[in-house]
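Colleague: I'd like a close look at one small part of this model, with its surroundings built up from there. Please keep the cut-offs explicit, as I'll want to compare them with my own scripts.

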Amino acid sequence: MPDSALARVQRAIGWIRREFATSLRVETLAEKAAMSPSSFHRHFKAATALSPLQYQKRVRLMQARMLMVAQGASVTGAAFEVGYESATQFSREYARLFGLPPARDAARIAAHVRGNSM
């Protein structure tokens, strides 16, 4: 259904994926989805298993990973590019999600890609 709660959450997800580097407020997303903040949060979590802010963080970290691996961005450069204000906070959250600090993870992925392309 085009105006179902899921469709409205999907529109908000699209907005997060496009604007991941900007500061985000759940109230603003709920407004864009034409839902109350509590209803939006509940439907969002049901659809993604993450809160809106956790989802944004995941998108940011995955984008930063891509920047470091595919474009050779520095850890600090990638952190700021995806919207983090603190490289330390970025590194802490990155390691929590991916299991390694950003530079080591990017180097591991690059080495794996080089090893598979030979």
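Which residues does A79 touch, not counting residues up to four places away in sequence?

Modeller: Happy to! A79 touches Y84, A87 and F90 once residues up to four places away in sequence are set aside, where a contact means heavy atoms within 4.5 Å. Before going further, a word on conventions: this is a predicted model, in which local features need pLDDT of at least 70 and side-chain atom pairs count only at pLDDT 80 or more, while totals for chains, interfaces and linings use all residues. Residues are numbered from 1 along each chain as its sequence is written, and side-chain values use heavy atoms, with hydrogens and water left out.

Now back to A79. It belongs to helix α5 (residues 75-81); helices are DSSP runs of H or I with at least four residues, strands are runs of E with at least two, and both are numbered from the N terminus. A79 counts as buried because its relative accessibility is 0%; the cut-offs are under 20% relative accessible area for buried, over 50% for exposed and partly exposed in between, with a 1.4 Å probe and protein chains only. For a sense of placement, A79 lies 31 residues from T48 in sequence and 24 Å from it in space, C-alpha to C-alpha.

Two of the residues that A79 touches, Y84 and F90, lead us to the aromatic rings. The whole structure holds five aromatic pairs, a pair being rings of Phe, Tyr or Trp (its six-membered ring) with centres within 6.5 Å, called stacked if the planes are under 30 degrees apart, edge-to-face if over 60 and tilted otherwise. One of them is tilted: the rings of F40 and F44 have centres 5.5 Å apart and planes at 50°. F40 and F44 are four residues apart in helix α3 (residues 37-48), so about one helical turn separates them. F40 is buried at 0% relative accessibility, and F44 is buried with a relative accessible area of 0%. Y84 and F90, in turn, make an edge-to-face pair, with 5.3 Å from centre to centre and 70° between the planes. Y84 counts as buried at 8% relative accessibility, and F90 is buried with a relative accessible area of 0%. Together with Y94 and F98, Y84 and F90 form one aromatic cluster.

Charged groups also meet this cluster. The charged end of R60 sits over the ring of Y84, 5.7 Å from the ring centre; here the test is that NZ of Lys or CZ of Arg is within 6 Å of the ring centre and within 35 degrees of the ring normal. Likewise, the charged end of R65 sits over the ring of F98, 3.8 Å from its centre.

That brings us to helix packing. Two packed helices are described by the angle between their axes and the distance between the axes. Helix α4 (residues 52-71) and helix α6 (residues 87-98) have axes that come within 10 Å and cross at roughly 95°; axes are lines fitted to C-alpha atoms, for helices over the stretch in contact, with angles from 0 to 180 degrees between N-to-C directions. The crossing therefore makes α4 roughly perpendicular to α6, since 65 to 115 degrees counts as roughly perpendicular, under 35 as roughly parallel, over 145 as roughly antiparallel and the rest as oblique. On the α4 side, the contact is made by K57, R58, L61, M62, A64, R65 and M68, and on the α6 side by F90, E93, Y94, L97 and F98. By class these residues are eight nonpolar, no polar and four charged; Ala, Val, Leu, Ile, Met, Phe, Trp, Tyr, Cys and Pro count as nonpolar, Asp, Glu, Lys and Arg as charged, and the others, Gly among them, as polar.

Helix α4 also meets α3: their axes come within 9 Å and cross at roughly 45°, so the two helices are oblique to each other. This contact is made by F40, H41, F44, K45 and T48 of α3 with P52, Q54 and Y55 of α4. In the loop between α3 and α4 you'll find A49, whose phi is near 70°, a positive value in a residue other than glycine. A49 counts as exposed at 58% relative accessibility.

Finally, the wider setting: the chain has seven helices and zero strands, and of its 118 residues, 36% count as buried.
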